[in-house]
Amino acid sequence: MIETWRWYGPDLDQITLDEVAQTGATGIVNALHEIPYGEIWPKDAIAARRRLIEQAGFTWSVVESLPIHERIKRSDGDLSQLFANYRQSMANLAAEGVQVICYNFMPVLDWTRTDLAAPLARGSGTCLRFEAFKMAAFEVHMLGREEAADDYLPDVLEQARSWFEASSQSARDALLHAIMSGLPGAFDRYDIAGLRHQLALYDGIGRDQIRANFKRFLTEIIPTAEELGLRMCVHPDDPPRDILGLPRVVSDAEDIAWILGAVESRANGLTLCTGSLGANPANDVPGITRRFADRIHFAHLRNVRKDRDGSFEEAAHLEGDTDMAAVIAALLEQETRRAASGRRDHQIPFRPDHGHEIASDIGRGTFPGYPLVGRLRGLAELRGVIEGLRHAQTHGLHHG
Ligand code: DNO
């Protein structure tokens, strides 16, 4: 397992590479966030970023993300230029030695939360939370999507109505801001009118159509990935279900099986995100890890605690509902299998995904979910599990 750390680059991230070095991570997960979706990532800019990362003593292990233009997700118009640009960015990255590319296929929004600073049970730290009634309030009352009422339980809708009626404008603004915060870096943020417009562009585009568009994307780019020796890995939907009426097609084991089968190639792989998948009670995350281990090119390790009404919050990495040790054991077994069969990619990069804002994180203003100390806590805990399991694999659990 290669310990990596998501870093937003010199202009956007308040956390310095020197601080990252102190966490013990050796790989950097990075993207050129300043480049608009759909444009080519120039070779020079990639080379400059690579030098910066390597001069600080790291490897640029993974690109997260090389984003997919909304028009590709909708199959809107002539896409040949967009596909050509995407392939050119892939070639430019490969030329600079980056081999793993993470992306997602979530329409319009990326990860979605309603609270960016929900209190932790102990101490004054905070975590990210998805509150079902707040999402319902946003959809039904702020966006005016009446049909969203079908997606929520009656008492959740009732709570949504009372929250909305009692809410101040600044509380509503904060909710919109939280929901928009999943788009990191310098990406588009929408106001209510902008979001309505984006959603309208998906009118009439159902699940089968999104799947067909996804397959088209894979058919266009996986052969190039194979030629370039790149491993593409799709990130699951977060939360793993339709949102704002938009179909999401990377939410469970069946979806993943469909994607990996749509183009049978090792270059067509998965980012195992235990936090995203873990937010749906139907997902057996260790089971998904074992089933698709062969095609996991990158892992995001994080935990969630779920409520019965569809709400969830981000738990500490070893707490929450997902058996993290079982996931790690499955990844370690896969690494052993890969090493035995001589695969060059036998070490799987992972990162502590999200972290609580704790201690000196509080008030620092780092990206939501991406503080220094909270993620360092996560990384250190995961590192402990990894070393413990490795030791047990090699020496057995019991010593005489
Ligand atoms: C959240 C992240 C996602 C991820 C993208 C990948 O913190 O894991 O935003 O980067 O979905 O394209």
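How far is an oxygen atom of the ligand from an N or O atom in the side chain of His 235? In this predicted model, the separation between the two atoms is 3.1 Å. Taken alone, the ligand exposes 330 Å², and 99% of that area is buried by the protein. Two further side chains place polar atoms beside ligand oxygen atoms: for Glu 64 the distance is 2.4 Å, and for Tyr 370 the corresponding value is 2.5 Å.

The shell around the ligand comprises 14 residues, and those that come nearest are Glu 64, Ser 65, Asn 104, His 354 and Tyr 370. Strand E4, which spans residues 100-104, makes the greatest contribution to this shell, with three residues. In terms of residue class, the shell is made up of five nonpolar, five polar and four charged residues.

Two of the residues nearest the ligand, Glu 64 and Ser 65, are also notable for the bond between them. Glu 64 and Ser 65 are joined by a cis peptide bond, with omega at about -5°. Ser 65 belongs to the loop that runs between E3 and helix H3 (70-74). A cis peptide bond is also found between Asp 238 and Pro 239, where omega is about -5°. Pro 239 is placed in the loop between strand E7 (231-235) and helix H10 (253-262). As general background, most peptide bonds are trans, and most residues other than glycine have a negative phi.

Positive phi values occur at two non-glycine positions described here. In Val 108, phi is near 65°; this residue is located in the loop between E4 and strand E5 (115-119). Val 108 is classed as buried because its relative accessibility is 6%, under the 20% cut-off. In Ala 359, phi is positive at about 45°, and the residue lies in the loop between strand E12 (349-352) and H14. Ala 359 is classed as exposed because its relative accessible area of 57% is over 50%.

Open space was examined next. The second largest pocket holds about 490 Å³ of space. Its lining consists of 23 residues, and Gln 99, Val 100, Arg 231, Arg 344 and Asp 345 are those that lie nearest the centre of the pocket. Helix H2 (43-55), strand E3 (59-64) and helix H9 (207-228) each provide at least two of the lining residues of the second largest pocket. The largest share, three residues, is supplied by E3. Division of the pocket lining by class gives eight nonpolar, six polar and nine charged residues.

Enclosed space is also present, with four cavities of 30 Å³ or more found in a search of the whole structure. The largest cavity contains about 120 Å³ of space. It is lined by 19 residues, and the closest to its centre are Gly 38, Glu 39, Trp 41, Leu 66 and Pro 67. Helix H4 gives the largest share of this lining, four residues. The lining of the largest cavity divides into twelve nonpolar residues, six polar residues and one charged residue.

The second largest cavity has a volume of about 100 Å³. Among the 15 residues that line the second largest cavity, Ala 315, Ala 316, His 317, Gly 355 and His 356 lie nearest its centre. Strand E11 (312-315) and helix H14 (372-395) are the elements that give two or more residues to this lining. H14 gives the most, with four residues. The lining of the second largest cavity includes three nonpolar, seven polar and five charged residues.

Individual positions within two helices complete the description. Ser 89 is situated in helix H4, which covers residues 80-95. Ser 89 counts as buried because its relative accessible area, 1%, is under 20%. A polar atom of the Ser 89 side chain lies 2.9 Å from the backbone nitrogen of Trp 41, one of the residues closest to the centre of the largest cavity. Arg 207 is found in helix H9. With a relative accessible area of 34%, Arg 207 is partly exposed. The C-alpha atoms of Arg 207 and Leu 397 are separated by 47 Å, and the two residues are 190 residues apart along the chain.

Note on methods: Residues are numbered from 1 along each chain as its sequence is written. This is a predicted model: local features need pLDDT of at least 70, side-chain atom pairs count only at pLDDT 80 or more; totals for chains, interfaces and linings use all residues. Side-chain values use heavy atoms; hydrogens and water are left out. A residue is near a molecule or strand if one of its heavy atoms lies within 4 Å of it. A polar contact is a pair of N or O atoms within 3.5 Å; within protein, one must be able to donate a hydrogen and the other to accept it, and residues adjacent in sequence count only if both atoms are side-chain atoms. Accessible areas come from the Shrake-Rupley method with a 1.4 Å probe; for residues, only the protein chains shown count as cover. Ala, Val, Leu, Ile, Met, Phe, Trp, Tyr, Cys and Pro count as nonpolar, Asp, Glu, Lys and Arg as charged, and the others, Gly among them, as polar. On a 1 Å grid over the protein atoms alone, a cavity is a set of points where a 1.4 Å probe fits but cannot get out, and a pocket is an open set with protein on both sides within 12 Å along at least five of seven lines; lining residues have an atom within 4 Å of a point. Grid points are joined across faces, edges and corners, and a volume is the space filled by probe spheres set on the points. Buried means under 20% relative accessible area, exposed over 50%, partly exposed in between (1.4 Å probe, protein chains only).
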